[in-house]
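User: I am new to this structure. Please take a close look at the ligand site, then show me what lies around it in the rest of the chain.

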Amino acid sequence: MKSNPPGPKARKVIARDSKVVSPSLTRAYELVVDHAKGCYVWDIDGNKYLDMAAFVAVASIGNSNPVVQRAVEKQVKKLTHPAFSDFYSELPVRFSEELLALMPPKLRNGRVFLSNSGTESVEAAYKLVKWNKRRKWVAAFNGSFHGRTMGSLSLTHSKKVHRDGFGPFLPAIHLPYAYCYRCPLGLKYPDCGMACIDVIEKKLKEKPISGLFVEPIQGEGGYIVPPKEFHKELRRICDEQDIIMVDDEVQAGYYRTGTFLAMQGFGVTPDIVSMSKPLGGGFPMGATIAPKELMDWPPGAHANTMGGNLIACAAGIASIKYARTHKLGQNAKKQGAYLLKLLKNLQERHELIGDVRGKGLMASIELVKKAKKPAKEERDKVLKECLREGLILLPCGESSIRFSPPLTITRKELDIAIPILDSALSKLTDKK
Ligand code: PLP
């Protein structure tokens, strides 16, 4: 590190930012990024950081990957915007074909709706379940995050600030998400997970429900991995009650947990899938995937201006190929298991770490005080201290720290990251 962040150049940008940018953005600390390569990021003052966030699970194939750069350079000279809702174009078709080829068998002959973000991919799924079932209500989970536009926000439940002042919402019920560390029913795994299922089953019967929206692993809510059988039970309930199961893979998908869809790792095939974040190789891209029997709406029922953008499609095709040929799913499994082991070792030495959880390269530690009280201030201090020492980590949930590095991460880099976190946690305890 050349200077303590924010350095002199960063401070100037932040001062200008505070005058013109919406204050609703959620910066955990003052990092002004300049460029990035692989698993490393440089700030505007020349400081180098190890990236354990992949710019919020987007840079999955590594930052500034040359295969994406080449694909973008080639396409930018030809055409960027094909107005895909109004004209035909080959690249978005190819991208959709390649995406479908990675889906579980039941979805492989399906259809893709292309958009530009996670929230749009959820909005399309929301409209699709309403279109098919014509029932007033949808269902989601406590602690879930599905986006911030009004349809997806009606589902989102992870933080009060997301919803405060924005009601009334669309009719949505919220169900308990099996989370055994902080079980709302005071039970322990596996009783906890299955008790949630009983509640879910009953609550879904109380209203006419079109679709059940679920994250395979809750992301913004705290990187929470439900018990093994949880999603299988949801699948059974949806089948029995004729509810469409929507799998929000925006954060957990794209090989992050090993399989292309995280839901495949739970042995479950959803009805509709929403994806975004890494999908466009770093360019804005959202996709909603459904069987053709469900995506049977007529022209005009749903469309947009920018979906199918050619730069995003070119980057997306190059990115998918890279992830497949470099077996990033296998690396996510292997390095994820090693990361979890390192975090569990850390937990033994730091009382502040209440819970360690994860699947593949989607892992988190939850910092707690006595009686599992969230240690939010402590968490924020640890994040800032890590940054000062050259490690980028992001928060999630009330008091958790998430690990969502590029899927290209190596053991060597994890061995650099964890001692930095260790020392930040020790400094905090020493100061007390
Ligand atoms: N769904 C999930 C699971 C997410 O994690 C997010 C964003 O973090 C979204 C939807 C919304 O995505 P976006 O911010 O691109 O609208």
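Analyst: A polar contact is a pair of N or O atoms within 3.5 Å; within protein, one must be able to donate a hydrogen and the other to accept it, and residues adjacent in sequence count only if both atoms are side-chain atoms. With that in hand, start at Gln251. An N or O atom in its side chain is 2.8 Å from an oxygen atom of the ligand. The side chain of Glu220 also has an N or O atom by a ligand oxygen, at 3.4 Å. Gly118 uses its backbone instead: an N or O atom there lies 2.8 Å from an oxygen atom of the ligand. The protein covers 84% of the 390 Å² of accessible area that the ligand has on its own. Such areas come from the Shrake-Rupley method with a 1.4 Å probe; for residues, only the protein chains shown count as cover.

A word on the basis. This is a predicted model, where local features need pLDDT of at least 70, side-chain atom pairs count only at pLDDT 80 or more, and totals for chains, interfaces and linings use all residues. Residues are numbered from 1 along each chain as its sequence is written, and side-chain values use heavy atoms, with hydrogens and water left out.

Now the full shell. Ser117, Gly118, Thr119, Phe145, His146, Gly147, Glu215, Glu220, Asp248, Val250, Gln251 and Lys277 surround the ligand (near means that a heavy atom of the residue lies within 4 Å). By class, this shell has 2 nonpolar, 6 polar and 4 charged residues. Here Ala, Val, Leu, Ile, Met, Phe, Trp, Tyr, Cys and Pro count as nonpolar, Asp, Glu, Lys and Arg as charged, and the others, Gly among them, as polar.

Next, the domains. The assignment, automatic or from a database, gives domain 1 (8–61 + 327–431) and domain 2 (69–325). Their centres, taken over C-alpha atoms, are 25 Å apart. In domain 1, 35 residues are in contact with 31 residues of domain 2 (heavy atoms within 4.5 Å).

One sheet deserves a look. Helices (H or I, at least four residues) and strands (E, at least two) are DSSP runs, numbered from the N terminus. Two strands pair if DSSP finds at least two bridges between them. The sheet is open, has 4 strands in the order S1-S2-S3-S13, and shows mixed pairing. S1 (33–37) and S13 are its edge strands, each pairing on one side only. S2 (residues 40–43) and S3 (residues 48–51) run antiparallel, joined by 3 bridges. Val41 has Tyr49 in S3 as its bridge partner. These two strands form a hairpin with 4 residues between them, and Gly46 in the turn has a positive phi of about 90°. S3 and S13 (residues 391–392) run parallel, with 2 bridges. There, Asp51 is partnered by Ile392 in S13.

Last, some backbone details. The Pro5 to Pro6 peptide bond is cis, with omega near 0°. Pro6 sits in the segment before helix H1 (8–20). The bond from Gly167 to Pro168 is also cis, with omega near 0°. Pro168 is in the loop between helix H8 (160–163) and strand S6 (172–175). Ser64, a residue other than glycine, has a positive phi, near 50°. Ser64 lies in the loop between helix H2 (54–57) and helix H3 (66–78).
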